[in-house]
Amino acid sequence: MRNYIRAQTQPEQPAPNQMQVVIVGAGATGVELAAEMHNMAHQLVAYGFDRIVPERDLKIVIIEATDRILPALPKRLSEAAQNELHKLGVEVHARRRVTRVIADGVQTQDGQFFHAALKVWAAGIKAPEFLHQLAGLETNRINQLVVRPTLQTTYDDDIFAIGDCAACPQPGKDIPVPPTAQAAHQQAALLVRSIARRFHGKPLPAFIYRDRGSLISLSHYTTVGSLMGNLTGDVMIEGRFARLTYRLLYRLHQRALHGTLPMLLLMLSDFLQHRAHPRMKLH
């Protein structure tokens, strides 16, 4: 907003790099953020920022170290999302690792420099530093607690860890369970049963991650994703049906946290606020 206000009120036209945004990391966070920023730029025109032409003045760049965006998701889903970003005018640079970030922009390993007034780091995760400092527990290079398939930490059977702070192995794979919400949800459901079994001296079941699919929301433009089921296999969805599924999953998440009645009240509240409130808050 500061950049927009400055560009709107200054006497001259915005400089070539004044409104350039660089997002480091093309996972779900980076891709969805790029689409939201593009949408925001066009919404701001209706709020009086008419001296800024998004297609001319705003430039959004995504830099990804791997060979494609959304590397943790199926390739065809990655290709569909990249096609949508291309339609929006978002630049995507894959196979480029950022080695230096300064006030004027970011530099990649191949020596290319990307000027940026705003830089967003959305690459990877790292668990809190205090986990690495806990005595008697094994951690990996990103501070996650290393756990066995039973979700027990490797050095202490009485301590369990789930979610982003846990590195849980997957049978037959070299990578641990992905740090996603659906993985944490499945681990939590198992942990409830595991603790009860431990109190009764019964053996603990092993955690088996089941990928239910993923959805990527590209602002109000579109939603792309894949659904995985026992009968249908991996099914790619896009457009209105994918957006409806995205919203449904959000409401199911609210119901899991708050219960059915509070979730329905939240739906009613969101509906009324959508009718009465502006689409964007400028402060």
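These legends describe close-up views of a predicted model.

Residues are numbered from 1 along each chain as its sequence is written. In this predicted model, local features need pLDDT of at least 70, side-chain atom pairs count only at pLDDT 80 or more, and totals for chains, interfaces and linings use all residues, while side-chain values use heavy atoms, with hydrogens and water left out.

**View 1. The whole protein chain holds eight helices and 14 strands.** Helices (H or I, at least four residues) and strands (E, at least two) are DSSP runs, numbered from the N terminus. Along the principal axes, the C-alpha atoms fill a box of roughly 75 × 50 × 35 Å. The chain has 283 residues, and 37% of them count as buried. Buried means under 20% relative accessible area, exposed over 50%, and partly exposed in between (1.4 Å probe, protein chains only). The accessible surface is about 17,200 Å². Carbon and sulfur atoms hold 57% of that surface. Areas come from the Shrake-Rupley method with a 1.4 Å probe; for residues, only the protein chains shown count as cover. A contact means heavy atoms within 4.5 Å. Of the contacts with a separation of 6 or more, 50% are between residues 24 or more positions apart.

**View 2. A parallel open sheet is built from four strands.** The strand order is 3-2-1-7. Two strands pair if DSSP finds at least two bridges between them. Strand 3 and strand 7 (118-121) are the edges. Each has a single partner strand, so one side of each lacks a neighbour in the sheet. From one strand to the next, the twist averages 15°. For such angles, axes are lines fitted to C-alpha atoms, for helices over the stretch in contact, and angles run from 0 to 180 degrees between N-to-C directions. Strand 1 and strand 7 run parallel and are joined by four bridges. Look for valine 24, which stands opposite tryptophan 121 in strand 7.

**View 3. The largest nonpolar core has 30 residues.** A nonpolar core is a set of buried Ala, Val, Leu, Ile, Met, Phe, Trp, Tyr and Cys residues joined through side-chain atoms within 4.5 Å. Tyr4 and Val31 touch the most other members of the largest core. Two or more residues each come from helix 1 (2-9), strand 1 (20-24), helix 2 (28-45), strand 2 (59-63), helix 4 (75-88) and strand 12. Helix 2 gives the most, with six residues. Leaving aside residues up to four places away in sequence, valine 31 touches Ala26, Ile62, Ile69, Leu70, Leu85, Ile216 and Leu218. A second, separate core has 14 residues. Its members include Leu131, Leu145, Leu151 and Cys168.

**View 4. Strands 4, 5 and 6 form an open antiparallel sheet.** The order is 4-5-6. Strand 4 and strand 6 (113-115) are the edge strands, and each pairs on one side only. Neighbouring strands are turned by 20° against each other on average, direction ignored. Strand 4 and strand 5 (residues 105-108) are joined by four bridges. A hairpin links these two strands through two residues. Isoleucine 102 stands opposite glycine 105 in strand 5. Valine 98 has threonine 108 as its bridge partner in strand 5.

**View 5. Arginine 95 and serine 219 each have a positive phi, as residues other than glycine.** Phi of arginine 95 is near 60°. Arginine 95 sits in the loop between strand 3 (91-93) and strand 4 (98-102). Its relative accessible area is 63%, so arginine 95 is exposed. Phi of serine 219 is near 55°. The loop of serine 219 runs between strand 12 (213-218) and strand 13 (222-229). Serine 219 is buried, with a relative accessible area of 4%.

**View 6. Cysteine 165 and cysteine 168 are in no disulfide.** A disulfide is a pair of cysteine sulfur atoms within 2.5 Å. By this rule the count is zero. For cysteine 165, the nearest cysteine sulfur is that of cysteine 168, 11 Å away. Cysteine 165 has 25% relative accessibility and so counts as partly exposed. Cysteine 168 in turn has the sulfur of cysteine 165 as its nearest, at 11 Å. Cysteine 168 counts as buried because its relative accessibility is 1%.
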